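Hello,

Here is the structure I promised to pass on to you. My notes on it follow below.

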Amino acid sequence: MERQALKRAREAFLSGRTRPLEFRLQQLTALQSMIKDRHTEIATALKQDINRSQYDTPLLELISLENEITLAIAKLAEWAAPRPVEKNLLTISDEVYIQPEPLGVVLIIGAWNYPWAVTLIPLVGAIAAGNAAIVKPSELSEYSSLLLRAMLPRYLDQDLYPVVTGGVTETQELLKQRFDHVFYTGSSTVGKLVMEAASRHLTPVTLELGGKSPCYIDKNCDLRVACRRITWGKFANCGQTCIAPDYILCEPSIQNRVVEGIRQTLLEFYGVDPKCSPDYSRIINQRHFNRVMSLMEGYTAVLGGQSDASQRYIAPTVLKDVPPHSRLMQEEIFGPLLPIVTVSDMDDAIRFISEREKPLALYIFCSDKKAIKRMLDETTSGGVTVNDVMIHYTLTSLPFGGVGQSGMGRYHGKHTFDQLSHQRACLVRSLGMESVNLARYPPQDRQRARRVRLALTSPMIDFSKRTYVWAVCVTIIAFGLFVTLLVILLIAAGLNCTCWYWRGFYN
């Protein structure tokens with residue numbers, strides 16, 4: 001089935017169906033209709049998969065997905081247009097531009113924690129860029145996967161955008177095939193296997209992975225606000241978010257105040273018993289439940305710690321004074337456990353972050369602009385949000401992606417379009433004006449070499465639309481100033497003549 005789906009998708013792509021922008025817009029509009037028409041069914045599937053609240057599904061997935069589609073529809077003509085670039089003297093009369101082109105057939109492997117957003121946002125970019133795409137949703141989010149398989153063919157071209165379901169076997173079979181790009185969202189462990197499989201065909205990859213995203217809290221910031229925002233980001237979706245704060249770094253003097261701030265916020269968000277709250281989700285399956293529970297072994301929770309295996313429920317849990325080299329600090333938690341590691345000051349926090357793998361996200365809570373700038377200058381991460389968490393993900397204007405072990409490549413908005421396009425370098429010139437080229441042909445001499453060097457090392461000249469607009473504006477302003485000056489001179493000359501005339505009259 002996997003090979004047949006790929007064969008049909010490639011044949012459909014080679015037919016040229018995806019080239020016209022009108023076809024791409026039609027497919028994007030159909031995808032937009034699917035999200036609007038079926039949002040109730042999508043929310044129901046997520047309720048069955050991870051007990052997510054019907055109100056959280058739009059907030060955490062569908063709104064961002066709709067924004068991506070709306071932006072792609074509005075900007076597609078601009079994104080797909082040739083992009084003029086600078087020229088030198090040798091190419092000044094040529095047409096020089098970058099033309100975005102479809103790559104071909106893209107494999108999109110989604111994740112289970114946000115099965116709609118992380119699967120369909122890459123698909124939006126693939127459609128906009130003119131590619132075909134094989135969509136492989138995660139088998140762990142079973143109800144969402146089956147719903148996507150049933151719905152997508154009703155709205156999109158069935159040959160160009162098939163959905164392949166199944167588990168490890170089906171994914172491995174897909175990875176044996178040759179694609180033009182592989183877009184994977186998930187764990188670093190599987191990401192390495194995806195990259196290894198893709199390398200056999202020299203297929204480029206986008207890997208949206210994870211890691212341990214640190215959250216530094218400065219002692220002088222508003223702790224109440226900081227704790228509210230951290231608590232929301234950490235425990236939304238039961239902590240199963242790749243950019244959730246993985247652990248807190250703070251000075252020992254404020255550790256207890258941070259714990260108390262989180263305790264009050266949890267009471268406000270989920271009530272006395274989060275297990276009874278309709279807003280608190282569940283762990284995706286028993287294997288992940290057991291994994292998260294094992295991370296707590298040997299620690300006493302200062303908040304939470306309760307669990308119920310029959311419901312895959314783990315209470316929002318806070319652990320303090322966690323040793324930096326403990327198992328809890330060696331792997332991504334991906335669950336509702338929040339360790340607090342104490343550091344002596346900001347220097348110590350920067351050192352702690354820099355000694356570890358580059359995270360997907362970094363969060364800084366601080367009111368001192370100089371301290372914030374220093375933290376930004378001396379650390380690195382896929383993305384960063386100051387005085388909040390996860391909000392950078394919501395902006396289509398910002399690239400979302402990791403660095404180092406947290407991933408490679410980027411997406412969201414135009415960044416997805418560019419990631420899934422080939423940026424073709426184009427230069428079109430005339431067969432005339434051959435005398436200009438004589439200096440580069442043999443036989444060479446010193447004079448010819450000097451001419452070629454002058455042409456190739458000349459400053460680059462910008463002939464883009466923006467430059468033309470700027471040049472026209474400057475010309476208009478200059479002409480206006482010239483006319484104004486001319487009028488002033490004429491008036492001055494006229495007054496001068498009048499003065500001489502009346503002086504002669506009275507004399």
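Please keep in mind that this is a predicted model. I began with helix H10, where Ile254, Gln255, Val258, Val259, Gly261, Ile262, Thr265, Leu266 and Tyr270 are buried. These buried residues have plenty of partners: they pack against strand E7 (214–217), helix H9 (223–235), strand E8 (247–250), strand E11 (317–319) and strand E12 (337–342).

The length of H10 checks out too. The helix has 19 residues (252–270), and at 1.5 Å a residue it should span 27 Å; the C-alpha atoms at its ends are 27 Å apart, which agrees. Right after H10 comes Gly271, with a positive phi near 80°.

Next, the sheet that H10 leans on. Six strands make up an open sheet, and their order is E11-E12-E8-E7-E13-E14, with parallel pairing. E11 and strand E14 (383–386) are the edge strands; each has a single partner strand, so one side of each is left without a neighbour in the sheet. On average, neighbouring strands of this sheet are turned by 20° against each other, direction ignored. H10 packs on the sheet by touching E7, E8, E11 and E12, and its direction makes about 160° with that of E12.

Within the sheet, E7 and strand E13 (residues 361–365) run parallel and are joined by three bridges. If you want a residue pair to look at there, Tyr216 has Ile364 in E13 as its bridge partner.

Another spot to view is the packing of two helices, H3 (residues 39–50) and H4 (residues 56–80). Their axes are 11 Å apart and the angle is about 110°. Angles of 65 to 115 degrees count as roughly perpendicular, and H3 and H4 are therefore roughly perpendicular to each other. On the H3 side the contact involves His39, Ile42, Ala43 and Leu46, which meet Thr57, Glu61 and Leu62 in H4. By type, the residues of this contact divide into four nonpolar, two polar and one charged.

Finally, a single residue: is Ser141 buried or exposed? Ser141 sits in the loop between strand E4 (132–136) and helix H6 (142–155). Its relative accessibility is 1%, and buried means under 20%, so Ser141 counts as buried. Neighbours within four places in sequence aside, Ser141 is in contact with Asp49, Ala111, Trp112, Pro115 and Ile284.

Happy viewing, and best wishes

Methods:
Residues are numbered from 1 along each chain as its sequence is written. This is a predicted model: local features need pLDDT of at least 70, side-chain atom pairs count only at pLDDT 80 or more; totals for chains, interfaces and linings use all residues. Side-chain values use heavy atoms; hydrogens and water are left out. Helices (H or I, at least four residues) and strands (E, at least two) are DSSP runs, numbered from the N terminus. The expected span of a helix is 1.5 Å times one less than its number of residues. Buried means under 20% relative accessible area, exposed over 50%, partly exposed in between (1.4 Å probe, protein chains only). Contact means heavy atoms within 4.5 Å. Axes are lines fitted to C-alpha atoms, for helices over the stretch in contact, and angles run from 0 to 180 degrees between N-to-C directions. Angles under 35 degrees count as roughly parallel, over 145 as roughly antiparallel, 65 to 115 as roughly perpendicular and the rest as oblique. Ala, Val, Leu, Ile, Met, Phe, Trp, Tyr, Cys and Pro count as nonpolar, Asp, Glu, Lys and Arg as charged, and the others, Gly among them, as polar. Two strands pair if DSSP finds at least two bridges between them.
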